[in-house]
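Please open the structure in your viewer and keep the selection tool at hand. The stops below can be followed in order, each one giving a selection to make and then what is found there.

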Amino acid sequence: MKNVGVLGLGIYVPDKVFTNFDFEKILDTSDEWITEMTGIKERRFAEDDMDTSDMAVLAASEAIENSGVAKEDIDLVIVATSTGDHRFPSVANLVQDRLGLRNVPSMDQLAACTGFIYSMVTASQFIEAGTYKNVLIVGVDKLSKITDFTDRSTAVLFGDGAGAAVIGEVDEGFGIKSFELGSKGSGAPHLYDDAETGKLQMNGREVFKFAVRQMGESSVNVTEKAGFEADDIDMLVPHQANIRIMDAARERMNMPKDKMSCTIDKYGNTSAASIPLSIHHELKNGKIKAGDNLVLVGFGGGLTWGAICLTWGKNKEEKHD
């Protein structure tokens, strides 16, 4: 069995910062209420002339550079997004072309906010089977283009961004140890992109109840499948949807606050980009190191959910650096 993990990571977030105080000017809301209910202080919005594929290309370029894998050695491109530039071609097709990759298979994967986890698992299965060696995955969303900025219950939640990774074979002891994927189609009416308006619609109460239960349950499940105890986990990286949902998962894992990644205050909910943005943030701040055990967990429209337990890093030399 091959050991499969992350060879390189890259991100992109737009320059434009939109704070809670900016929302106070256009909606009947307040910084205090948004912060207390969600944990969000600000989010990033892409300019009108920047689309999903533009952000994806920037994050993917950085991931490839950081991986040490040559462009000609990328075998497959998977882009997780709910906000493609077009119905078709896929964002993955656009990324493949603009990065000058070979004519490798390229596809979008739609699992909403769980998309990065779904893509990571999909990539790992191809690599374990020996079909492909290096897979580029991107989690990217421009949620500002499907947000109803007159709806104060949803407008304040979302932001734009991209995170990418090159997935490939890593040394023994590193990489993905276990995963869980799931979906519940009966929950679709609670979180969806309305066909008539083209805007995101959400039943916040129902989504909250689902997420609080599922995030904690999935985190525990993948930890146990990996043969770990909660104390063995160095960092919980949850989808950054709502601080109360994130804390519920952390408490279910019986982990202290300093072992949970929290970037929601900076970026809001960036859907498929959420988890790679958080990993990048913790790496940059020295909170994640080679050899650390991580649990990645998310949920999204569909309803979908997923979790991965992995040991971060590529090789034994990296661990001793």
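Begin by selecting Ser178, which in this predicted model lies in strand β8, residues 175-183. With a relative accessible area of 6%, Ser178 is buried, and a polar atom of its side chain lies 2.6 Å from the backbone oxygen of Val222. If you display the surroundings of Ser178 and leave aside neighbours within four places in sequence, the residues in contact with Ser178 are Val222, Lys225, Ala226, Ala307, Ile308 and Cys309.

Next, select helix α7 (residues 204-225) together with α8, which pack at an angle of about 35° with their axes 8 Å apart. The crossing of these two helices, α7 and α8, is right-handed. On the α7 side the contact is made by Phe208, Ala211, Val212, Arg213, Met215, Gly216, Glu217 and Val220, and on the α8 side by Arg244, Ile245, Ala248, Ala249 and Arg252. While α7 is still selected, pick out Lys209, which lies in this helix and whose side chain makes a polar contact with the side chain of Glu206 at 3.2 Å. A C-alpha to C-alpha distance drawn from Lys209 to Ile245 gives 8.8 Å, although the two are 36 residues apart in sequence.

Helix α2, residues 31-38, is the next selection, and in α2 the residues Asp31, Ile34 and Thr38 are buried. Seen down the axis of α2, its buried residues fall within an arc of 75°, so they line one face of the helix. Turn to the other side of α2, where Glu32 and Glu36 are exposed. Which elements should be shown to see what covers the buried residues of α2? The cover includes α1 (20-24), β3 (42-44), α8 (243-252) and α9 (264-267). Just after α2 comes Gly39, with a positive phi of about 90°.

Now select helix α3 (residues 52-67) and helix α4 (residues 91-98), whose axes come within 9 Å and cross at roughly 50°. The two helices α3 and α4 are therefore oblique to each other, and their crossing is right-handed. To display the meeting surfaces, take Thr52, Ser53, Asp54, Ala56, Val57 and Ala60 from α3, and Val91, Leu94, Val95 and Arg98 from α4.

Staying with α4, colour Val91, Ala92, Val95 and Gln96, which are buried. Down the axis of α4 these buried residues fall within an arc of 135°, so they line one face of the helix. Among the elements covering the buried residues of α4 are α3, β4 (76-80), β5 (106-109) and β6 (135-142). Gly100, just after α4, takes a positive phi of about 70°. Before leaving this region, select the loop between β4 and α4, where Pro89 is found; a cis peptide bond, with omega about 5°, joins Phe88 and Pro89.

Move on to helix α5 (residues 115-128) and select Thr122 within it. Is Thr122 buried or exposed? At 19% relative accessibility, Thr122 counts as buried, because the cut-off for this class is under 20%. The side chain of Thr122 reaches the backbone oxygen of Tyr118 at 2.8 Å, and Thr122 touches Ile78, Met107 and Gln109 when residues up to four places away in sequence are not counted.

In the loop between β5 and α5, select Ala112, which has a positive phi of about 55° although it is not a glycine. Ala112 is buried, with a relative accessible area of 13%. Most residues other than glycine have a negative phi, and most peptide bonds are trans. Ser271, in the loop between α9 and α10, likewise has a positive phi, near 55°, and is buried at a relative accessible area of 3%.

From Ser271, continue to helix α10 (residues 274-284), which is mostly covered, with eight of its 11 residues buried. To see what surrounds the buried residues of α10, show elements including β1 (4-12), α5, β7 (160-169), β11 (235-238), α9 and β12 (293-300). After α10 comes Gly286, whose phi is positive, near 75°.

The last selection is Leu303, placed in the loop between β12 and β13 (304-311), where the peptide bond from Gly302 to Leu303 is cis, with omega near -10°.

Technical notes
Residues are numbered from 1 along each chain as its sequence is written. This is a predicted model: local features need pLDDT of at least 70, side-chain atom pairs count only at pLDDT 80 or more; totals for chains, interfaces and linings use all residues. Side-chain values use heavy atoms; hydrogens and water are left out. Buried means under 20% relative accessible area, exposed over 50%, partly exposed in between (1.4 Å probe, protein chains only). Helices (H or I, at least four residues) and strands (E, at least two) are DSSP runs, numbered from the N terminus. The arc is that of the directions from the helix axis to the C-beta atoms. Contact means heavy atoms within 4.5 Å. A polar contact is a pair of N or O atoms within 3.5 Å; within protein, one must be able to donate a hydrogen and the other to accept it, and residues adjacent in sequence count only if both atoms are side-chain atoms. Axes are lines fitted to C-alpha atoms, for helices over the stretch in contact, and angles run from 0 to 180 degrees between N-to-C directions. Angles under 35 degrees count as roughly parallel, over 145 as roughly antiparallel, 65 to 115 as roughly perpendicular and the rest as oblique. A crossing is left-handed if the near helix is turned anticlockwise from the far one by less than a right angle, and right-handed if clockwise.
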